[in-house]
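Me: Please take me slowly through one part of this model, and then show me how the remaining parts compare with it in make-up and contacts. I am new to reading structures, so please explain each term when it first comes up.

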Amino acid sequence: MTLSVSENMTPTRSAFGWAALARRAEAVVIPIAALLAGFAVFSLFLMLQGKSPAEFFALVYRAGFGTAFSWENTLSRAAPLLLAALCVALPARLGLVVIGGEGAIVLGGVGAGFAGVLLLGAPAALALPVMVVAAIAIGALWIGAVGALRHYRGVNETIASLLMAYIAIALMNHLVEGPLRDPASLNKPSTAPLDEAFRLGTIPGWDVHWGLAFGVIACVAAWVLIDKTTWGFAARIAGGNVRAAQVQGLPVGKLIVGFTALGGAFAGLAGFFEVAAVHGSANASLASGYGYTGILIAFLARHNPLAIIPVAILLAGFEASSGLVQRRMDLPDATVLVLQGFVFMAILMSETLYGRFKIFAPERWRTA
Amino acid sequence: MSFSPLSRRGFLKGSAAVAGAATLPNLGYADGHSPLTVGFVYVGPKDDFGYNQAHAEGAAAVKAMEGVVVVEEENVAETIDVQKSMESMINFDDAKLLFPTSFGYFDPHVLAVAPKNPDVRFQHAAGLWTEGMPSNVGSYFGYIGMGQYLNGITAGHATQTKKIGFVAAKPIPQVLLNINSFLLGARQVDPEITCQVIFTGEWSLAVKEAEATNALADAGCDVITCHVDGPKVVMETAAGRDCFVCGYHANQAPLAPEKYLTGAEWNWAGIYTSMVQTVLDGGTIDNFVRGGLADGFIKMSPLGPAVSDASRAQFEATKAEIMAGGFAAIKGPLKDNTGNVIAADGEGFAEDDIALESMNYLVEGVIGSTS
Amino acid sequence: MDTDLGYWIIPLAIIGGAIRVSTPFLFVSLGEALTERSGRINLGLEGTLVFGAMSGYAVAYLTGSPWLGVLAAALCGALFGLVHGVICSLPRVNDIAIGIAMMILGMGLAFYFGKPFVQPVAPDLPAISFGWWSDIPQVRAALEVNVLFLIGAGLAVLLWWMLRATRVGLTLRVVGDSTDAARAMGLRPALIRTCATAVGGAFAGVGGAYLSLYYPGSWNEGISSGQGLMAVALVIFARWNPLACFGAALLFGGAGALGPVLQSVGVSEGYYLFFAAPYVLTLGVLIATSSPKRAMTGAPGELSITK
């Protein structure tokens, strides 16, 4: 799904005109139409239960996007998803399906939390960068290892990353409840609380933590890397056909390890923000499924880093509205999952429509 | 404790109620028209036969009160989610009293949201409120370890193998206290009894809980209890292995009618309605509330058909002792299972001893380790 | 105490665990092996498994017959597979992505409709006692074998034979290896893949019914801890061979028993690490048996995930 955000940033290839507009409109109109189709199917589902779709969507809008608080709620939830989705989207450029970003998030969080504990009392200007580096390095190593196993040992990256995610969660649990546990953390075993100075606050004027800003910056940076650099270009070639890339002398191994490691670094960064901006220590709540949600977002965004931003916000908005829907309409909390299922299937199905409508293809206008 | 707006409004309501609540059905809280909105947040599903169900039953009792609207949300993770869920209840439903019920909600989530919403009261289950924390936060909990101690007495009478089992989630103080109490109760019957503990590492993980129960049965345990969020799987699996079971959190007797000895249950209905009533009346709930059997915070399931007369007699006698107050299950001479002295002869930790809330050991006779 | 077996309970628990825990992995991975052999991947079987667990439990409770529950779970699973198969037959639709969306849809629908069935108790599937020869209760307990496990084992052999030696198996393999070759032979790849996905879904539904109707034997929202997703991954590990799927499921179930049983014999520190044993073992075997020289042996040529 490519929404208007990416359109504004795409450099102009030709003069603006109806033709150019039509060509661009396809990537906006089709996903939005699919979104509406998904809403329609879900409305039918609700009506079969005797519930009012109008009331439902009014509540989703209100709780997800309708007030300043709703936006804060939505964006706070979107923040980790942006980084988690990059962990899928970057390797996907090389044709790799990495589904274990959760592992890099939890271990990155433990790394950041432990670094913070070691640096207790140090100036924040020193400690925060060290924590970031620790989180990024661990995340990069963890997912980079998946890439290395793939390239140098022929191990399938999908299964390896999933297995490693479970292993990472076990390691995290072992560390925060064992060797790294703060004995004073009573009912929620955690590493020692971070120095107050190492806690990240919120973006001024907003009750949304800094993870959001860095997530957006990361998405833009990843887009630049993929779309504007020779590395990104090489990766796309290698993703299309590894053998052709090797024949052309492209360093396929380095590309695979590099892109997986970079994806892991972003996921590790998500772990850092969970620790420094939300929890204040590393604990089992680091494994809260952001890595898995990120897979869905990346696929919906067709692995385009810029498209990840609106998709993550849409998904987070749905989740933000779940509570109000439960409370006002007496619907189970799973209702929003059903909505997500229908909407995302509709959007994914709409991929089949690209190129089918003459209105979006100026070159075919005259041959009508 | 700055609670003035609430107190004033509550007072108005209170006096109006005295004046004639019976004739004015919707006479409310606050400005006399709008009711008090109370929010409950659960970490799991409301019908888990366990921790969340016990709280939801308490919420249901609050729902029946006049002048109160209850809003609920289930399956809320211990992340930014719970912060936003609470704020959403405050923003959209004008909730003035919140019960975030999961252990892990307290620090940092409740402590982060409370200062931003000074006119909302946050009542947290199991949190350890201490001086210096936001004054609009309160923590409450019950001495349910005493319930596990009574469970242990019925287990001590029922066991043939002199080995009893405990499926535990995580080695946190509340869980360790339950394990220790269960064994010490059983040892009142026979000091030779040992208790095997298996940690699953998660609050809710059905297959692992079943496997842990099977491992306990394989190890020769013939009475099994647990401390996980939803005891259903443990109860059914243990009964299927022909073990007796002791319940936890809620009454699980219907799951294993023949094998169920008794169970340590929460009794939140009374606690929640009295806390809500306090707010309705314009009063202030104490920041730190604890209570046991005598205070109606916990209760025991009716004794099952397999409980012998001797067992029943000792159960009732001990229960009466506990009801009298000041009972110490953890008392000397007592060592932990690595040989350190916990309490010398004559020493003891009464049920309300705050030191019990930072327990980090398993007593002698428990097979297992705390990390 | 004649029931105290000491350290012997470790191998016994591994055998017992392998029998008890492996069945959902077995059914899902057999179903997914069929689907992937046809050249499609259905990553959404976790959702199908959960929906199967719910629908199986609900029908068993409402009718009093666990077998009708299994049947219902299979039908629901087939329906999910059919939807996946039909949608992925549209040009340019990504099967991996649709699978992930369907995982969410399946779980959402299962939780949505499953609320009223959390509290009731449904009848369990029967088990056969293969431990009658032993006096030791632990042995007898370990050898309580559910009928679905036996059916699953039989299916593994049957599918293995079918893929090797029958016309249906050949058709499936041709379609999975090359769409063009299949078309040249007059086959209809989309139709065959859709059928294979529907059958795969039915298997996954049965795997779910095992969870809710036998072990652990109840329906709630936490009944599956990712078995469906893991089983899909195990298919790659098993190199698309049904017999190897059986082995992988046994390995996974058996290794999963290590965590609890080691605690029960007193090895109690670091249990999280023991709980990770199935994942570590699988990863280890995977690394040891992979090679950069040859492509994944047995990988269907049209499979997006291994291309």
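Reply: What follows looks closely at chain C and then turns to the other chains.

This is a predicted model, in which local features need pLDDT of at least 70 and side-chain atom pairs count only at pLDDT 80 or more, while totals for chains, interfaces and linings use all residues. Residues are numbered from 1 along each chain as its sequence is written, and chains are lettered from A and ligands numbered from 1 in the order in which they are written.

Chain C contains 14 helices and two strands (DSSP runs numbered from the N terminus, with at least four residues of H or I for a helix and at least two of E for a strand). Its radius of gyration is 20 Å, close to the 19 Å that the globule rule gives for 307 residues, so chain C is as compact as a globular protein of that length (the radius is taken over C-alpha atoms, and the rule is 2.2 Å times the number of residues to the power 0.38). Along its principal axes, the C-alpha trace of chain C spans about 70 × 50 × 35 Å. Of its 307 residues, 62% count as buried, where buried means 20 or more other C-beta atoms within 10 Å of the residue's own, exposed means 12 or fewer, and partly exposed lies in between, with C-beta atoms placed from the backbone. If we take contacts in chain C between residues at least 6 apart in sequence, 78% of them join residues at least 24 apart (a contact means that the C-beta atoms of two residues, placed from the backbone, lie within 7 Å).

A single residue shows how distant parts of the sequence can meet in space. C:W8 sits in the segment before α1 (9-37) of chain C, and C:W8 is 257 residues from C:V265 in sequence, although their C-alpha atoms are 9.7 Å apart. Is C:W8 buried, exposed or partly exposed? C:W8 counts as partly exposed because it has 14 C-beta neighbours inside 10 Å.

Next comes a pair of helices. Two packed helices are described by the angle between their axes and the distance between the axes. In chain C, the axes of α6 (residues 147-165) and α11 (residues 242-256) come within 7 Å and cross at roughly 150 degrees (axes are lines fitted to C-alpha atoms, for helices over the stretch in contact, and angles run from 0 to 180 degrees between N-to-C directions). The helices α6(C) and α11(C) are therefore roughly antiparallel to each other, a label for angles over 145 degrees, with under 35 being roughly parallel, 65 to 115 roughly perpendicular and the rest oblique. On the α6(C) side, C:A153, C:A156, C:V157, C:L159, C:W160 and C:L163 take part, and they meet C:P242, C:L243, C:C245 and C:F246 of α11(C). The residues of this contact divide into 10 nonpolar, no polar and no charged (Ala, Val, Leu, Ile, Met, Phe, Trp, Tyr, Cys and Pro are nonpolar, Asp, Glu, Lys and Arg are charged, and the others, Gly among them, are polar).

Chain C also touches chain A, with 42 residues of chain C in contact with 38 residues of chain A. On the chain C side, α4 (95-114), α10 (227-237), α13 (271-275) and α14 (277-289) each give two or more residues, and the largest share, 13 residues, comes from α4(C). By class, this side of chain C has 32 nonpolar, seven polar and three charged residues.

Chain B touches chain A as well, through 32 residues of chain B and 24 residues of chain A. The elements β2 (68-73), α3 (80-93), α4 (106-113) and α6 (173-189) of chain B each supply at least two residues to the side facing chain A, with the largest share, eight residues, from α3(B). That side of chain B has 11 nonpolar, 11 polar and 10 charged residues.

In itself, chain B has 10 helices and 17 strands, and buried residues make up 62% of its 371 residues. The domain assignment, automatic or from a database, gives chain B domain 1 (4-143 + 268-291) and domain 2 (145-264 + 300-367), whose C-alpha centres lie 31 Å apart. In chain A, the assignment gives domain 1 (1-51 + 331-368) and domain 2 (79-309), with 29 Å between their C-alpha centres.
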